[in-house]
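User: I'd like to learn how to read the place where two parts of a protein meet. Can you walk me through it?

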Amino acid sequence: MSGFVEKPEPIQVPGLVHLHTGKVRELYRNEAGELVMVASDRMSAYDWVLPTEIPDKGRVLTQLSLWWFDQLADLVPNHVISTDLPGGAPADWAGRTLVCKSLQMIPVECVARGYLTGSGLAEYKESRTVCGIGLPEGLVDGSELPAPIFTPAAKAAVGEHDENVSYEEVARQVGAETAAQLRQTTLAVYGRARDIARERGLILADTKFEFGFAADELVLADEVLTPDSSRFWPADQWEPGRAQPSFDKQYVRDWLTSAASGWDRAGEQPPPPLPADVVDATRAKYIEAFERLTGTPWA
Ligand SMILES: Nc1ncnc2c1ncn2[C@@H]1O[C@H](COP(=O)(O)OP(=O)(O)OP(=O)(O)O)[C@@H](O)[C@H]1O
Ligand SMILES: [Mg+2]
């Protein structure tokens, strides 16, 4: 079982047509045909959208993405048109709403990995490969890879797992030329972001990008280099051979899988509401990631 514990009712705004409720974002189209992307405070874990929100999360993700888009602007164009609130939008959309180019999205999660963990580690243990890419012997959880690799995944529906696919599979799906462009751009952006994060004491272990086409130009879309789309590890605590402390959903995952939650991940029941201390600790981690990366105090 998975999906939304409680599917939210989208807010209706005159002049905006509601298009889609994603796990985290609400998508609308404005009268100019642009995409209005509103990040909520929703949190997903273990393929569930949880019944408890993390205050300020939507604004943190949005502001951090904007900061990164600026850092990357010379490498790849991005989808942001403006941060102006559409007329008639609720005041609390401020800071978490982006007016974007409506792109022809490419249905590939473009993942770059510089370190081995998560689904990459699981595949490595089976076959010494990640997405079919052969890797040296002797790597452990948290090992740095000899060089960053492009490990695409097929985008799954809400409640389903994204599935790692080979480069050849991506090329079959989107064509050889686009596949090469996706790989090259993903690795270039990862390299830039990894270097910036490293200067701030953070390891960018891996990250996921989504791209789309505006006419025939490849454009970076969605959110970028946030704790929801990336694994950031404090560099001074990095120690291969164990799970690394991270800036993402770790508190939430740890609590959900602990006896305290009473929840069975493999069972039929949806996850329970999060206790206040888990919410507070998670909110603090998102804000810390923002502050450490941008060097700007939050609020
Ligand atoms: N510029 C863009 N044009 C069109 N779609 C976009 C653009 N940027 C992001 N998207 C899409 O907007 C949605 C963002 O919402 P969110 O992150 O909540 O969704 P998700 O849970 O990751 O995926 P899903 O939409 O499948 O639920 C994604 O489907 C993403 O592909
Ligand atoms: Mg998303």
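Analyst: Sure! Keep in mind that this is a predicted model. Let's start with polar contacts: between domain 1 and domain 2 there are 10 residue pairs in polar contact, both partners at pLDDT 80 or more.

User: Which parts of domain 1 each supply at least two residues to the side that touches domain 2?

Analyst: Strand E1 (3–4), strand E5 (44–45) and helix H1 (57–72) each do that. H1 gives the most, with 9 residues.

User: And what classes of residue make up that side of domain 1?

Analyst: You'll find 16 nonpolar, 6 polar and 5 charged residues there.

User: How many salt bridges cross the interface of domain 1 and domain 2?

Analyst: The rule finds 3 across that interface. As for salt bridges you can look up in the model, Arg-192 forms one with Asp-74, and their closest N and O atoms are 2.9 Å apart.

User: Where does each domain begin and end along the chain?

Analyst: Domain 1 covers 3–100, and domain 2 covers 104–259. The contact takes 27 residues from domain 1 and 31 residues from domain 2. Their C-alpha centres lie 22 Å apart.

User: How do I put a size on an interface?

Analyst: People often give it as the accessible area lost when the parts come together. Here, about 2,500 Å² is buried between domain 1 and domain 2, and carbon and sulfur atoms give 68% of that.

User: Which residues of domain 1 lose the most area to domain 2?

Analyst: Look for Tyr-46, Asp-47 and Trp-68: together they account for 23% of what the domain 1 side buries.

Note on methods: Residues are numbered from 1 along each chain as its sequence is written. Chains are lettered from A and ligands numbered from 1 in the order in which they are written. This is a predicted model: local features need pLDDT of at least 70, side-chain atom pairs count only at pLDDT 80 or more; totals for chains, interfaces and linings use all residues. Side-chain values use heavy atoms; hydrogens and water are left out. Domain bounds come from an automatic or database domain assignment. Contact means heavy atoms within 4.5 Å. Buried area is the accessible area (1.4 Å probe) that two parts lose on being put together, summed over both. A salt bridge is a side-chain nitrogen of Lys or Arg within 4 Å of a carboxyl oxygen of Asp or Glu. A polar contact is a pair of N or O atoms within 3.5 Å; within protein, one must be able to donate a hydrogen and the other to accept it, and residues adjacent in sequence count only if both atoms are side-chain atoms. Helices (H or I, at least four residues) and strands (E, at least two) are DSSP runs, numbered from the N terminus. Ala, Val, Leu, Ile, Met, Phe, Trp, Tyr, Cys and Pro count as nonpolar, Asp, Glu, Lys and Arg as charged, and the others, Gly among them, as polar.
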